[in-house]
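Q: Can you walk me through this one? I'd like the overall picture, then a few details.

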Amino acid sequence: MLVFAASDKGGTGRSVTSANLAYRRAIAGDNVCYLDFDFGSPTAAAVFDVPGALRGIDHGGLHSYLQGKIPEPVRIDVWAETEHDVLRHRPTGSGDLTLLPGDLSGGEFGVTKDVLRRCIDLFLTLNSEYDLVVVDLSAGRSYAVDMALDATSQMRKVRARWLVYHRWTRQHVIAAAGLVFGQRGIVSGGVARGHDEEELRGAIRFVRAAVPDPESPLWSQVPPAQSAWMRMCDQDLNDLAGDLDIGFTKVLGSVPLEPVLQWREQLITDEDVLASQIANMETWQALEELAAKLTDDESWGQP
């Protein structure tokens, strides 16, 4: 299965959350591949703590492959090459965790017929080799998003789903709805490329990131006026999301406001929650549930 991670803005937690979902599926036993299609800023390797690829690699990345400069893109075995203290000891029963990085000197580029052909070949190859392929797309209505829509329109037999990330603010909610349902959004762009509108809409779910919970211990000690204001804002955002058709029924999951992810974009391991206790159990549970829902048909309204 292909899972595309999109967002209208940067800073939504798209990359770090997607990397955590890939990690959780891998430790559960799935063979997982993560593609850094954030062509303007290929920094996904930093979340996996892979040295030498923190801002992309010198040569052989996805930019080089898609532009026809190399026959195959470099694949990085995260378990073998990470500097993360926990990940270096591959968990028993885990599946493969592979990263395909971008190029250090790369940037956004147009989608030609040759680029599209190579993209389709890559998606088909990886889909046959891995249980789950996570494709982290550039923010906004980018060339990467267009390429994904073009490619999947010609791969009807391959299951593809879309996660659209946004923070829990009015601006981000409006932007996320526009990215999907706007005049040049994912839905209209997909239909123009031959996608069935109903099927495409059914393959899109939203992920709310950095969501503050007014009922959590973190906010329970604030002054009463501030607490009441937070609850009012939360309700207003829920009403707005519902009006824009990205309300509760379209949300796959929410990730709480997590200090660890605010200070350092990293994987949340069991040790972070249970041993060192630097991360919150609520965040760990949210990521675990979201990872499970990626392939749960009922969560996507499918029989």
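The chat below goes from the whole chain to single helices and residues.

Q: What kind of model is this?
A: It is a predicted model.

Q: How many helices and strands does the chain have?
A: The chain has 12 helices and 8 strands. Its radius of gyration is 19 Å, close to the 19 Å from the globule rule for 303 residues, so the chain is as compact as a globular protein of that length.

Q: What box do the C-alpha atoms fill?
A: Roughly 60 × 45 × 40 Å, along the principal axes.

Q: And how much of the chain is buried?
A: Of its 303 residues, 51% count as buried. The chain exposes about 13800 Å², and 49% of that comes from carbon and sulfur atoms.

Q: What share of the contacts is between residues 24 or more positions apart?
A: Such pairs make up 76% of the contacts with a separation of 6 or more.

Q: Now helices. How many residues of H5 are buried?
A: Helix H5 covers residues 143-153, and 10 of its 11 residues are buried, so H5 is largely enclosed by the rest of the structure. Among the buried ones are Met147, Leu149, Asp146 and Asp150.

Q: Different topic: at what angle do H6 and H9 pack?
A: Helix H6 (residues 170-181) and helix H9 (residues 224-243) pack at about 10 degrees, and their axes are 10 Å apart. Because the angle is that small, under the 35 degrees cut-off, H6 counts as roughly parallel to H9.

Q: Which residues make the contact?
A: From H6, Arg170, Val173 and Ile174; from H9, Leu237, Leu240 and Ala241. By type, the contact of H6 with H9 has 5 nonpolar residues, no polar ones and 1 charged.

Q: Why would places like that recur every three or four residues?
A: An α-helix has 3.6 residues a turn, so residues three or four places apart point the same way.

Q: Let's do single residues. Where is Val133?
A: Val133 is in strand E5, residues 132-137. With 0% relative accessibility, Val133 counts as buried.

Q: What does Val133 contact?
A: Leaving out neighbours within four places in sequence, Val133 is in contact with Met1, Leu2, Val3, Cys33, Leu35, Leu126 and Asn127. Val133 and Leu2 are 131 residues apart in sequence, while their C-alpha atoms are 4.8 Å apart in space.

Q: Is Thr17 buried or exposed?
A: Thr17 is at 3% relative accessibility, so it counts as buried. Thr17 is found in helix H1, residues 14-27. Beyond its neighbours within four places in sequence, Thr17 is in contact with Tyr165, Val255, Leu287 and Leu290.

Q: And the histidines? Where is His63?
A: His63 is in helix H2, residues 62-66, and counts as buried at 3% relative accessibility. Not counting residues up to four places away in sequence, His63 touches Phe39, Pro42, Gly102, Asp103, Gly106, Gly107 and Phe109.

Q: Where is His84, then?
A: His84 is in the loop between helix H3 (78-81) and strand E4 (97-100). His84 is buried too, with a relative accessible area of 9%.

Q: What does His84 touch?
A: Not counting residues up to four places away in sequence, His84 touches Asp49, Leu267 and Thr269. The C-alpha atoms of His84 and Pro51 are separated by 9.9 Å, with their positions 33 residues apart along the chain.

Technical notes:
Residues are numbered from 1 along each chain as its sequence is written. This is a predicted model: local features need pLDDT of at least 70, side-chain atom pairs count only at pLDDT 80 or more; totals for chains, interfaces and linings use all residues. Side-chain values use heavy atoms; hydrogens and water are left out. Axes are lines fitted to C-alpha atoms, for helices over the stretch in contact, and angles run from 0 to 180 degrees between N-to-C directions. Helices (H or I, at least four residues) and strands (E, at least two) are DSSP runs, numbered from the N terminus. Angles under 35 degrees count as roughly parallel, over 145 as roughly antiparallel, 65 to 115 as roughly perpendicular and the rest as oblique. Contact means heavy atoms within 4.5 Å. Ala, Val, Leu, Ile, Met, Phe, Trp, Tyr, Cys and Pro count as nonpolar, Asp, Glu, Lys and Arg as charged, and the others, Gly among them, as polar. Buried means under 20% relative accessible area, exposed over 50%, partly exposed in between (1.4 Å probe, protein chains only). The radius of gyration is taken over C-alpha atoms; the globule rule is 2.2 Å times the number of residues to the power 0.38. Accessible areas come from the Shrake-Rupley method with a 1.4 Å probe; for residues, only the protein chains shown count as cover.
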